[in-house]
Amino acid sequence: MSDSVPPSNRRAGERHLACFPASLERPDGEQRPSIIRDLSESGALLLVRTTKIAVGDPIKLQLYITEDPTTFRLATAKVVRVEDLAPGDAGPWLRRVGVQFDEPISMYAADVAAFHERALRLGLK
């Protein structure tokens, strides 16, 4: 990639388009529901309702990316992008939040691949 591409637009790893649940824990400790819009081993794009989130914030995530809806994968990340959504563009969601994982979630590579396959089956990609 060119060095002229802003860091928030650089992605390491293939992104998988999806719409699956996650729980985002803000720096103040409050957990908020979110939707995983796309996912890679290096980061994710989430749809969130919270307005109390900013670029640079450290967050914790529970990613519900397995076939078992009661099982989640944990990740820590940093917010690299926050975009307000236009009213009516994304239902109840207020913002699109890009996050970069503190460490690639390579240990969940099989879950990410299976997640991608489920998204394809559901026609989300």
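The exercises below, each with a worked solution, concern a predicted model of a protein.

**Exercise 1. Overall layout**

Determine how many helices and strands the protein has, and in which pattern they follow along the sequence.

*Solution.* Begin with the count: the protein holds one helix and six strands. Next, read along the sequence; the pattern is β-β-β-β-β-β-α. Then consider burial: of the 125 residues, 40% are buried. As for the surface, about 6900 Å² is exposed, and carbon and sulfur atoms supply 53% of that area. Finally, take the contacts between residues at least 6 apart in sequence: 57% of these join residues at least 24 apart.

**Exercise 2. Strand pairing around β3**

Identify the strands to which β3 is joined by bridges, and state the direction in which each pair runs.

*Solution.* Strand β3 covers residues 43–48, and β2 covers residues 31–39. Five bridges join β2 to β3, and the two run antiparallel. They form a hairpin, with three residues between the strands. Two of the residue pairs can be named. Leucine 39 has alanine 44 in β3 as its bridge partner, and isoleucine 36 is partnered by leucine 46.

The second neighbour is β6, which is joined to β3 by six bridges, again in an antiparallel arrangement. Here leucine 46 stands opposite valine 97 of β6. Leucine 46 is thus named in pairs with β2 and with β6.

**Exercise 3. The burial of β3**

Explain why β3 is described as largely enclosed by the rest of the structure.

*Solution.* A general principle comes first: in a regular strand, side chains alternate between the two faces of the sheet. Applied to β3, one side carries Gly43, Leu45 and Leu47, and the other carries Ala44, Leu46 and Val48. The residues on both sides are all buried, and both faces are therefore covered. Since six of the six residues of β3 are buried, the strand is largely enclosed by the rest of the structure.

**Exercise 4. The remaining strand pairs**

Describe how β5 is paired with β4 and with β6.

*Solution.* Strand β5 spans residues 73–84. Strand β4, residues 58–63, runs antiparallel to β5 and is joined to it by six bridges. In this pair, lysine 60 has threonine 76 of β5 as its bridge partner. Strand β6, residues 95–101, pairs with β5 in the antiparallel sense over seven bridges. In that pair, valine 82 stands opposite valine 97 of β6.

**Exercise 5. The nonpolar core**

State which residues of the largest nonpolar core touch the most other members, and which elements supply the core.

*Solution.* The core has 24 residues, and those touching the most other members are Leu39, Leu46, Leu63, Val99 and Phe101. Each of β1 (16–25), β2, β3, β4, β5, β6 and α1 (109–121) supplies at least two residues of this core.

Leucine 46 can be examined further. Leaving aside neighbours within four places in sequence, its contacts include Ala22, Leu24, Ile36, Leu61, Val97 and Val99.

**Exercise 6. Isoleucine 59**

Decide whether isoleucine 59 is buried or exposed, and list residues that it touches.

*Solution.* Isoleucine 59 is found in strand β4. Its relative accessible area is 3%. Because the cut-off for burial is under 20%, isoleucine 59 is buried. Not counting residues up to four places away in sequence, isoleucine 59 touches Leu24, Glu25, Pro27, Ile53, Ala75, Thr76, Ala77, Val79 and Val99. Isoleucine 59 and aspartate 102 are 43 residues apart in sequence, with their C-alpha atoms 9.7 Å apart.

**Exercise 7. The helix**

Check the length of α1 against expectation, and explain why its buried residues line one face.

*Solution.* At 1.5 Å a residue, the 13 residues of α1 should span 18 Å; the end C-alpha atoms are 19 Å apart, which agrees. The buried residues of α1 are Asp111, Val112, Phe115, His116, Arg118 and Ala119. Viewed down the helix axis, they fall within an arc of 165°, so they line one face of α1. In an α-helix, residues three or four places apart point the same way, because there are 3.6 residues a turn. On the other side of α1, Ala110 and Arg121 are exposed.

Alanine 114 also lies in α1 and counts as partly exposed, at 32% relative accessibility. Its C-alpha atom is separated by 8.1 Å from that of isoleucine 65, 49 residues away along the chain. After α1 comes glycine 123, which has a positive phi, near 75°.

Key: Residues numbered from 1 in each chain as written. Predicted model: local features only at pLDDT ≥ 70, side-chain atom pairs only at ≥ 80, totals over all residues. Heavy atoms only, no water. Pairing = 2+ DSSP bridges. Helix = DSSP H or I, 4+ residues; strand = E, 2+ residues; numbered from the N terminus. Buried < 20%, exposed > 50% of the residue type's maximum accessible area, 1.4 Å probe, protein only. Contact = heavy atoms within 4.5 Å. Areas by Shrake-Rupley, 256 points an atom, 1.4 Å probe, with all protein chains shown as cover. Core = buried A, V, L, I, M, F, W, Y, C linked by side-chain atoms within 4.5 Å. Expected span 1.5 Å × (residues − 1). Arc of directions from axis to C-beta.
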